[in-house]
Each structure stands twice: as C-alpha cells, then as structure tokens.
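Here is a short briefing for a first look. It covers how protein and DNA meet, then turns to one residue.

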Protein chains: 2
Amino acid sequence: MNSLTTYHSVAARLQSSIHSGELASGSKLPSERGICEQLGVSRVNARDALHFLEAQGLIYRLNRIGWFVSPAPFIYDPTQTHSLRDEARAQNRQLETELISANRTAAPAVIARKLELSATAAVLNVVRRRSVDGRWVLLESCYYREEDFPDLLSKDLTGSLNALVRDAYGFKKRRQDIGISSKPLNQTQAQQLQVREGSPALKLSRDLIVDGRCIVAETEHWLHDAIEMSIRGRTTAG
Amino acid sequence: MNSLTTYHSVAARLQSSIHSGELASGSKLPSERGICEQLGVSRVNARDALHFLEAQGLIYRLNRIGWFVSPAPFIYDPTQTHSLRDEARAQNRQLETELISANRTAAPAVIARKLELSATAAVLNVVRRRSVDGRWVLLESCYYREEDFPDLLSKDLTGSLNALVRDAYGFKKRRQDIGISSKPLNQTQAQQLQVREGSPALKLSRDLIVDGRCIVAETEHWLHDAIEMSIRGRTTAG
DNA sequence: AATCTCCTTTGGTCTATACCAGAAGTGGTA
DNA sequence: TACCACTTCTGGTATAGACCAAAGGAGATT
C-alpha cells in the first residue's frame, strides 16, 4: 500500500507540526478528542497516531492530563561516575532530585544474590526520582550492603550518591558493571514519574564492585524518550 | 481500582502460561480471535493484552503470522569487539548472518558528518541482518570511508567485519564511541526483521575512531526483547 | 518435486459509541 | 487568601462489528 493509513497521516501531521516548531518542545498537544474534531478521524485513529509518536520518542503523556512534545533527550554516559547534576548543567538542563524513601529493608532475591547476602538479609535501600527541566524522567533504587555503609541513612541522600561512596566511605578503587535493557514501567514506577503504567522505559542496572565484591546494586528506570546514552570508548589495540 | 482491568487479566493469564512452561519459549500463542473466544473478551482487550506483554519483552509477533513467546534475550556487550557469532556460541545460541546489500552509495547527512566527508561524498555501505536461533533480531548498517577500505566490497562480508577492519586493513589501534537509545523500527527495517513497523527496538550506534578520525560508522537495530546489554567496567580510582 | 491457484488464517485498520476515573479548573464561602 | 465542592476535561477501558491485506496451507497440475 503506497498511501498512508489514516493514523499514519494523523501522526505525520502532528510530527510535521513538531518539526516546524508550530508545536514547541514541552508544549501540550491538542486533546485526543480535539484531534478527532480537527482532523475528522475516529478516536481510535487519533490514539493510534499518538501512541505511534510516543513510541518514536517524539511525545510523552502525563497520566490523564494530556500529551506533550518531548524535549531533546538528556545525553548520558552510564559508565561515567560524575555527578548527574553537573552533567545536566553542562547540557543547559536542570536536574532536580527528590528522595522518595531511605530505609533498611529485606533484600529482594536478585539484590541479595548480587550483594552475596543470605535470602533474609537486610540491606539499605535509597529510592529517588529525578527531573530534567521539571519533568520526572528517572526513578532510581539503590541497595547498599549494611556493613559497608554504616550510618548511610543519616547522610544527605539527595546529592551524588557516588560521591558518598567514594568520599564518605572511602571506596575509591572500584569497578562498575552495567546492564541495559528495554523495560516498561510497572504501576508503582509509572506513578512516581507521573506517567501511565507500561510507559516505555530503559532499565539500567549498575553493580559497584570493590575487591571483587558487589557492595552497591543500583537500578535506574529512565523514560525512554528522555535519554540518549553515549559511551566514549578508550583506545584499544585488540 | 484494586481489581485488574480486563486486558490486564488477559495479560496475566497469558503471562502465567508462559512462566509455568505451558507456553514454551518460541512457541506460538493462540490467535487473537482464539483468545477472544477462549476468554470471552473483546478483540480490543485481547490485542491490548498482547501489546502489553510485547512491551514487557515477553512475546513478539511475526507480521501477520502470529504471536510467539520470546526466548531469553541474547547477552551482548556492545563495547567489546569479538565476534558476535562466538559470543552466541558461548551462550548456546546460534547466530546466522545474511548480507542484504553491499554497495557504494551517497552518504546520508549524519554519516557524512561523522566520517568527515562532504555532503555529496560516496561511502561503502554494508547492510546485514542477523538471526538468533532462527529469528531475525538485528539489522545492521555499516558505512566505511572509501579511501580507508579499498576493495572492501569484494571481500567476504558475512563474517566478522571487525576482524576485517583489524586484520585485512590493519586498523589495530582504535577506539569505539557508542550511542544507545530506544527507537522503534521504521517500515523498511521492520520488513527485514519480519515484524510490524513500529516494533520496539534498541538502536545502537558505533563509531570507530582511528587517530582521532572516524573511519567506520555503524548502526545496529535490535528487537528490544532479543537483547540485554551487559557492560563490564574496568577498575578505576576516580 | 516444483509450481501455481485458491482458500483460510492471521494481524491490521477502522467505525461509532459509551462509560470510567483521575486531574485540573472554577466559583463560592469562610 | 485558602479551602471546598462541583464541574469539566482528559486519557483509559470496553463493546461489537466490519473490512483489508499479507502470509501460509492445501490441493491440483505439470
């Protein structure tokens, strides 16, 4: 079929408005019913078009509030350890951090394995969400071996946790193993980032290894349109 | 709302069948209309449930053929350079490669910039698709600076292109810069991997830098459920 | 055995409508 | 000015049905 289907046409119209600047970054799109009326299409077609653009990373939705034009993604090197806030500042973005919870809790099985703890061991868990330019885009959950991080929960947990690990606890010589996969948000995660359950996201796991032992296990869930990973390699002769 | 919505229930039923082994990895799910009849739900609910599971990476579809249970993802370190085929063998997987095209072509603007070529310069382009255990999961497109790779198109392009770069062309000391983002497949890409346009995928770009110059620009599109990236860091003191 | 034709099955697209429930807006009141 | 109640707006969920078009299967033919 050479001609576009209806929802493709609707998507193309909206995309064109975005690229032309008529719909600026961060601005709200017409409502679903508004699109139906303006373009004379059914609501299913309007929704399919919006879902298509969402999958492309061009728009995002706030749950039951509306659809918005996605800003440019945040450029992020997950293998680096410097402060995310500094990274954002370098990109003319503004990063804010909100501590959601910090407590001593039973380790989930996966975390217990990574931290080489028994199934019933306790760990220290810090959960934070972060916004870029006012939009919640990242939910992070960090698990710490209690014995390696005494008094962790009494420290300022809204700054660079990496800096804490290095400076306050002295773990200077360490390695990070990183996992990256596509993983939509579950209901709890979605609620924290003000989006719908099932919203597309990238899951990033980071294990901090010191002397061959994993002492911190971290999971980051990034809204998929908000991030672009960029890893600068090092010269090898292999 | 504490109770599940209808399509969530349908998804939960299917997911339970998958986890119990009743629906084995790689096996075909009941058709959409079959699910409607069996569970007494509308086709919209059946489809929503399937889309939900697809987003989770649990199932995949072959275009107009049916839905299938996703096998375990292939574990892939994009920062390493050894042969994908060897990597697959190490994971008891079977990787096949099919050359789609290899030709001298005008460089797309993005590629021209990376390779530091003028807008009208020609490059050598190699396009391949790769399957894991018989399922097309990866579409890769590599662009080479013509002057750095004379006679490239007359070589065997179904093996390790990395090995070619290193051994046949002598570029031993090099660096790779990698980009990772979430990017669904366009119509052409989807067709090559036998899936529907818009299927969720991870886009991986890799620039090969030698003596400060980019000599190869590569793009890989992986079906999102078929891959899990795992990057082993190196010990730093930072 | 290979090819061709026809039929069936499959997901894709579309229509119109209705109702739910969360979020915000508005106006009134203290 | 702050709070509350109500309304409106928003996306979410669901129904029933129809038709399209690609892919494969089956049977016939060469």
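**Protein meets DNA**

A polar side-chain atom of R61(A) sits 2.3 Å from a phosphate oxygen of DNA strand D. This is a predicted model. The points below start with the backbone of the strand, move to the surrounding protein surface, and end with C36(B).

**Phosphate contacts**
- R47(A) also reaches the strand: an N or O atom of its side chain is 2.9 Å from a phosphate oxygen of DNA strand D.
- Chain B takes part through S42(B), which places a polar side-chain atom 2.9 Å from a phosphate oxygen of DNA strand D.

**The surface near DNA strand D**
- There are 24 residues around the strand, and R43(A), R61(A), R196(A), T6(B) and N45(B) come nearest.
- Of the strand's atoms that come within 4 Å of the protein, 66% belong to sugar and phosphate.
- By class, the surface has 11 charged, seven polar and six nonpolar residues.
- In chain A, α2 (32-39), α3 (43-55) and β2 (66-69) each supply at least two residues.
- In chain B, α1 (6-19) and α3 (43-55) each do likewise.
- The most comes from α3(B), with three residues.

**A look at C36(B)**
- C36(B) belongs to helix α2 of chain B, residues 32-39.
- Its relative accessible area is 13%, under the 20% cut-off, so C36(B) counts as buried.
- Beyond neighbours within four places in sequence, C36(B) is in contact with V41(B), S42(B), R43(B) and A46(B).
- One of these, S42(B), is also the residue with a polar side-chain atom 2.9 Å from a phosphate oxygen of DNA strand D.
- S25(B) is 11 residues from C36(B) along the chain, and their C-alpha atoms are 22 Å apart.

Methods
Residues are numbered from 1 along each chain as its sequence is written. Chains are lettered from A and ligands numbered from 1 in the order in which they are written. This is a predicted model: local features need pLDDT of at least 70, side-chain atom pairs count only at pLDDT 80 or more; totals for chains, interfaces and linings use all residues. Side-chain values use heavy atoms; hydrogens and water are left out. A residue is near a molecule or strand if one of its heavy atoms lies within 4 Å of it. A polar contact is a pair of N or O atoms within 3.5 Å; within protein, one must be able to donate a hydrogen and the other to accept it, and residues adjacent in sequence count only if both atoms are side-chain atoms. Helices (H or I, at least four residues) and strands (E, at least two) are DSSP runs, numbered from the N terminus. Ala, Val, Leu, Ile, Met, Phe, Trp, Tyr, Cys and Pro count as nonpolar, Asp, Glu, Lys and Arg as charged, and the others, Gly among them, as polar. Buried means under 20% relative accessible area, exposed over 50%, partly exposed in between (1.4 Å probe, protein chains only). Contact means heavy atoms within 4.5 Å.
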